[in-house]
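Student: I'm new to this one and would love a close look at a single chain. Could you walk me through it slowly?

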There are 2 protein chains.
Amino acid sequence: MQDVQEPAAWGGVEPEAAQRLLTAGVEAFAERGYHATTTRDIAGRAGMSPAALYIHFKTKEELLFRISRVGHERARAVIAAAAESEGTAGERLACAVRAFARWHAEHHTTARVVQYELAALGEEHYAEIVALRREIDRLVRGIIEDGVRDGEFAVADVPGTALAVLSLCVDVARWFSAAGSRPPEEVGSLYADLVGRMVAAPDVRDARRHGPQE
Amino acid sequence: MQDVQEPAAWGGVEPEAAQRLLTAGVEAFAERGYHATTTRDIAGRAGMSPAALYIHFKTKEELLFRISRVGHERARAVIAAAAESEGTAGERLACAVRAFARWHAEHHTTARVVQYELAALGEEHYAEIVALRREIDRLVRGIIEDGVRDGEFAVADVPGTALAVLSLCVDVARWFSAAGSRPPEEVGSLYADLVGRMVAAPDVRDARRHGPQE
DNA sequence: GTCTATACGATGATAGAC
DNA sequence: GTCTATCATCGTATAGAC
């Protein structure tokens, strides 16, 4: 939504060297996974010696945590902007899904770390991240509940549907590859349309038929 | 579809000790990830010494490969059964999604290894697995194409929608937990309904409104 | 803040007795 | 086929010079 490029996106984090390590960490973790990544590799990508990492981060796990927290905060901001915007529930949900799916495509390397390396976090760090994830879940569920209340959506299982919607977007980080895939905006549009169909009440369905589908 | 329990499901694999190692491997890999799992851990869970693993598998990676291959073959069988069954495209797609989503819930520990540890495979093994994955993709895309041809589905972007459908099911392995989640059959039903809505043409939508939704 | 050097444990895998 | 013992390597993290 706001930021453009993957790297250099560590909004004013400490010294510049720490930013380089964060960027190197994201790339390495996304490519090979947290456990398969060595501190030597991270430091090397950042153009430093292995020891330099420990000047800026207490442990390798703390580096992961910092990446994960910033990533989750960005993801939440993307959803929050849509959830708090003006418009019907259908419009807000479409906006949220479009932005969230797109974010996972555009920042698939960050997103991969954010979504698939949770288990590597220490207990306390994990708890902090889970709180952020719950907020994201709550925001999406809220939009769906609004739509149901207004009769715009027909959804029997709201928590299950919210889970499915988030799950669909999150998994973009798994399959998306910058090279072979369609452009991120297209993923966003496709997904917004698919989710719209998933929740729409029968009456409003005809009104929705102006999107990319058909 | 056919098998019931997670363990003891290594249909006639070599000696019994190899089965124990496969089961131990699935559990360990699913819990902690391939790279974070030690051969000592696997062997320990199987009640053997670390060295015993190398009698039955050349390397730790080969153990992963064997798990992944069997898992993928099972997943493909689940989809294939639905794809080749009698019925309309809508019925076959619902059946496929119900079974596939359910499989990922029921066998979420195997599924987690199958879906999230691909990057740890060696080059040749990886290629073999990718071929299996392509078959699964082709089966789902085929059902959707059938539905579009029959006018039962209204789907503008067939490959994208097939990808989304598979992605939705696959991600069940990430979030499903045997303890806290709804039962696997419920996941299957919910997902079959959601996907049905995603693809249905406007005309047939009223006819579909008998599922768990509303 | 960054480097070189290194401690120290753990890891994948093998040798050889039984 | 399984074990005990062990190798060679590599992992995270620290010490101390600059």
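Let's take chain A. What percentage of its contacts with a separation of 6 or more comes from residues 24 or more positions apart?

Tutor: The answer is 66%: that is how much residues 24 or more positions apart contribute to the contacts in chain A with a separation of 6 or more. A contact here means heavy atoms within 4.5 Å.

A quick word on the ground rules. Remember that this is a predicted model, where local features need pLDDT of at least 70 and side-chain atom pairs count only at pLDDT 80 or more, while totals for chains, interfaces and linings use all residues. Residues are numbered from 1 along each chain as its sequence is written, chains are lettered from A and ligands numbered from 1 in the order in which they are written, and side-chain values use heavy atoms, leaving out hydrogens and water.

Now the overall build. You'll find 11 helices and 0 strands in chain A; helices are DSSP runs of H or I with at least four residues, strands are E runs with at least two, and both are numbered from the N terminus. Read from the N terminus, the pattern goes α-α-α-α-α-α-α-α-α-α-α. The radius of gyration of chain A is 19 Å, close to the 17 Å expected from the globule rule for 214 residues, so the chain is as compact as a globular protein of that length. (That radius is taken over C-alpha atoms, and the rule is 2.2 Å times the number of residues to the power 0.38.) Along the principal axes, the C-alpha atoms of chain A fill a box of roughly 65 × 35 × 30 Å.

What about inside and outside? Of the 214 residues in chain A, 54% are buried. With a 1.4 Å probe and protein chains only, buried means under 20% relative accessible area, exposed means over 50%, and partly exposed is in between. Chain A exposes about 9,300 Å², with carbon and sulfur atoms supplying 51% of that; such areas come from the Shrake-Rupley method with a 1.4 Å probe, and for residues only the protein chains shown count as cover.

For a taste of the inside, go to Val26(A) in helix H1 (residues 16–32). Val26(A) has 3% relative accessibility and therefore counts as buried. Leaving aside residues up to four places away in sequence, Val26(A) touches Trp10(A), Ile67(A), Thr109(A), Thr110(A) and Val113(A). Its C-alpha is also 9.0 Å from that of Ile42(A), 16 residues apart in sequence.

Now swing over to Glu86(A), in the loop between helix H4 (60–83) and helix H5 (89–106). At 75% relative accessibility, Glu86(A) counts as exposed. From its C-alpha to that of Gly122(A), 36 residues apart along the chain, the separation is 39 Å.

Finally, chain A has a partner. A rotation of 180° with 0.0 Å of shift along its axis puts chain A onto chain B, with an RMSD of 0.0 Å. The two copies are thus related as by a two-fold rotation axis. Both copies use the same surface, as 100% of the contact residues of chain A recur in chain B. That fit is by least squares on the C-alpha atoms of residues with pLDDT of at least 70 in both copies.
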